[in-house]
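Reader: I should like to learn how the features of a protein model are read. May we go through them one at a time?

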Amino acid sequence: MAKTLEYYRNLKYPIHVEQTEDGWVAWHPDLGRLTMAGVGESPQEAIEELNDFRIEIIEGWLEQGLPVPEPSATTDEFSGKFVVRLPKELHQLLAEKAKRDGSSLNQYVVYLLARNIVLDKDKAEFVPVYPSSKAS
């Protein structure tokens, strides 16, 4: 059974938004930055233009019989749990540091990961946006 334009219209594609010298640019990493982008004077304006453009592009792909990429994983698809294997010595060092700081090993590792992500985000040129509702 072929997927319709309505099917793709209701998918939640992650959006990246970047501020440029001329305003804001929004694009779907799953569909290709060079394939389509929305521009605007605000992030919301760029996203709205991108959403309209996405529908036009996907409609064209469907008419031509071209494959349409589906969105990558969103936050809805993650449980918040994963297993990490690490050297025993590192496990011991982390556990000792967490104990000295008065936190659990889990809390300490989450803190370290979050701190690193924030530092990396400060260096990034774009901000990922995951729509909480279905994209229009």
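**Reading the chain**

Author: Let us begin with one residue and its helix: Asp52 lies in helix H2, which covers residues 43–64. Please note that this is a predicted model.

Reader: Is Asp52 buried or exposed?

Author: A residue counts as exposed when its relative accessible area is over 50%. Asp52 has a relative accessible area of 51%, and therefore it is exposed.

Reader: Which residues form the negative surface patch?

Author: Asp and Glu count as negative. Here the patch is formed by Asp52 together with Glu41, Glu45, Glu48, Glu49, Glu56, Glu59 and Glu63.

Reader: How many residues of strand E2 are buried?

Author: Buried means under 20% relative accessible area. In strand E2, residues 23–27, four of the five residues are buried, and the strand is thus mostly covered. For the chain of 136 residues, 25% count as buried.

Reader: Which strands pair with E2?

Author: Two strands pair if at least two bridges are found between them. Strand E1, residues 15–20, runs antiparallel to E2 and is joined to E2 by five bridges. One partnership links Thr20 with Gly23 of E2, and a hairpin of two residues connects E1 to E2. Strand E3, residues 38–40, also pairs with E2 in the antiparallel sense, over three bridges; there Val25 has Val39 of E3 as its bridge partner.

Reader: What pattern does the chain follow along the sequence?

Author: The chain has four helices and four strands, and their order along the sequence is α-β-β-β-α-α-α-β.

How values were computed:
Residues numbered from 1 in each chain as written. Predicted model: local features only at pLDDT ≥ 70, side-chain atom pairs only at ≥ 80, totals over all residues. Heavy atoms only, no water. Patch = residues over 30% accessible without salt bridge, like charges linked within 9 Å, V, L, I, M, F, W, Y side chains within 5 Å. Areas by Shrake-Rupley, 256 points an atom, 1.4 Å probe, with all protein chains shown as cover. Salt bridge = Lys/Arg side-chain N within 4 Å of Asp/Glu carboxyl O. Charge placed at Lys NZ, Arg CZ, Asp CG, Glu CD. Buried < 20%, exposed > 50% of the residue type's maximum accessible area, 1.4 Å probe, protein only.
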